[in-house]
Amino acid sequence: MFKSFVSKSLLAAGIALAGFAGPASAEGIGASLLTQQHPFYIALADAMRAEAQAEGVPLEIKIANQDLNKQFADVEDFITKGVDVLIISPVDSTGVRTVIGRAQKAGIKVITVDVPAKNVDVTSYVGTDNYAGGVKAGELMAKMIGDKGKVAIIDYPMVASVVARTDGFKKAMESHPDIEIVAQQAGITRSEALTTAQNILQAHPDLDGIFGFGDDAALAAASAVASAGLEDQVKVIGFDGMKEARDAVANNPVMVGVIAQYPDEMGKVAVETAVKVMNGEDVAAEQPIEPGVVTKDGETK
C-alpha cells in the first residue's frame, strides 16, 4: 500500500507526472467523477486537486460523463494501475456496486463523494446531507407559496443523493396538508428538464411551485415558467447553489431559493479522508456536510 509521506518531494514529482489528469502512478488516489459538465463538479474536482497538491499525494481524475459503462472502464483502469484509494461519485448508485466490489477485492479502499452507493459497504461517504436539504427545500417551498397549492418535482431517480433530496422534500410536505404534490418526473439534463417542466405546466396550469433536484433542473423550470407566462404564479426552488442559480435567485422572481451545497469543502474532505486511509487511520463511515439555504434575503445554514 501507500508509502509513508516522509519524502514529499518524491511524491510531488509523482504528482507532476500524473498531472492530476494524465497517466497515474502505481500508488495514490484514483477519482471517478460523475461529470465535468456542471459547475458543481468542476468546483469539486478543483478542490480535490488543490488538497492533493497540499498533501503531496498523486491523484488522477477521470470523468464518467454520466455513462456507467465509462465509469466501469475508468475504475478497471485504476485497478490495473494499483491505486491505493478510489474516490467515486457513482453514475448509478445501484449499478456501480459491481465495480466497487472489484476494486475492494483488489485491495483498494473506496470513498464515495457526493453520491452514495447502494447495497455495498465503502470506507467512507462524503457528501451533502441531502435528506436534510430536501426538507429545507420543502419548508422553503411551503413558505413561498403561502402554505397551500400544487407543486411538482423534477427528479433524477437513478442517483441515491437525489432520491434522498426528493424524500426529504416529500417528508416536509407531510406537515403542510394543504399542499399537494401533483407530479414527480425525471429531467436529468437541462434540456430534458426543460421538456419535463413544459409538460408538467401543460398538464397542471394551476401549478404553484416546482422543486428541481439540481440547479440545471431548476433553471430549466424557471425558463419554462417564463415561457408559459406564469411568472406571477409559479415559484421554483433548486439544489446545488452554483453561481448561475444564485444569480437567478437574486434577479429572477421565479427562482425564489436554492439549497446550497459546498463542493469545495466536499472535495477537500474526500482527499483528506483518502490520505488518512492511506496512513492507516480510522475514518468515519459517513461524513455529512450540512447544506445552506439561499434566498433573496441572503444565505443561512
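Here are four short exercises on the structure above, each with a worked solution.

The model is predicted, so local features need pLDDT of at least 70 and side-chain atom pairs count only at pLDDT 80 or more, while totals for chains, interfaces and linings use all residues. Residues are numbered from 1 along each chain as its sequence is written, and side-chain values use heavy atoms, leaving out hydrogens and water.

**Exercise 1. Ser32**

Find where Ser32 lies, decide whether Ser32 is buried or exposed, and look for its side-chain partner.

Step 1: Ser32 belongs to strand E1, residues 29–33. Strands (E, at least two residues) and helices (H or I, at least four) are DSSP runs, numbered from the N terminus.

Step 2: the relative accessible area of Ser32 is 0%, so Ser32 is buried. Buried means under 20% relative accessible area, exposed over 50%, and partly exposed in between, with a 1.4 Å probe and protein chains only.

Step 3: a polar contact of 3.0 Å links the side chains of Ser32 and Gln71. Such a contact is a pair of N or O atoms within 3.5 Å; within protein, one must be able to donate a hydrogen and the other to accept it, and residues adjacent in sequence count only if both atoms are side-chain atoms.

Step 4: leaving aside residues up to four places away in sequence, Ser32 touches several others, including Val75, Phe78 and Leu86. Contact means heavy atoms within 4.5 Å.

**Exercise 2. Helix H4**

List the buried residues of H4, then work out how H3 and H4 are arranged.

Step 1: in helix H4 (residues 97–105), the buried residues are Val99, Ile100, Gly101 and Ala103. They pack against helix H3 (68–81), strand E3 (85–88) and strand E4 (109–113).

Step 2: the H3 and H4 axes come within 10 Å and cross at roughly 0°. That makes the two helices, H3 and H4, roughly parallel. Axes are lines fitted to C-alpha atoms, for helices over the stretch in contact, and angles run from 0 to 180 degrees between N-to-C directions. Under 35 degrees counts as roughly parallel, over 145 as roughly antiparallel, 65 to 115 as roughly perpendicular and the rest as oblique.

Step 3: Phe72, Val75, Glu76 and Ile79 from H3 meet Thr98, Val99, Arg102 and Ala103 from H4.

Step 4: after H4 comes Gly107, with a positive phi near 90°.

**Exercise 3. Helices H5 and H6**

Determine how H5 and H6 are oriented relative to each other.

Step 1: H5 (residues 130–144) and H6 (residues 160–173) pack with axes 6 Å apart, at an angle of about 40°.

Step 2: H5 and H6 are therefore oblique to each other.

Step 3: among the residues that meet are Tyr131, Val135 and Met141 in H5, and Ala164, Phe169 and Met173 in H6.

**Exercise 4. Two polar contacts of arginine**

Find the side-chain partners of Arg246 and Asp216.

Step 1: Arg246 sits in helix H9, residues 243–251. Its relative accessibility is 26%, so Arg246 counts as partly exposed.

Step 2: the side chains of Arg246 and Glu299 form a polar contact of 2.7 Å. Besides Glu299, Arg246 touches Gly241, Ala260, Tyr262 and Val294, not counting residues up to four places away in sequence.

Step 3: Asp216 is found in helix H8, residues 215–227. The side chains of Asp216 and Arg190 make a polar contact of 2.8 Å. With residues up to four places away in sequence left out, Asp216 touches His38 and Arg190.
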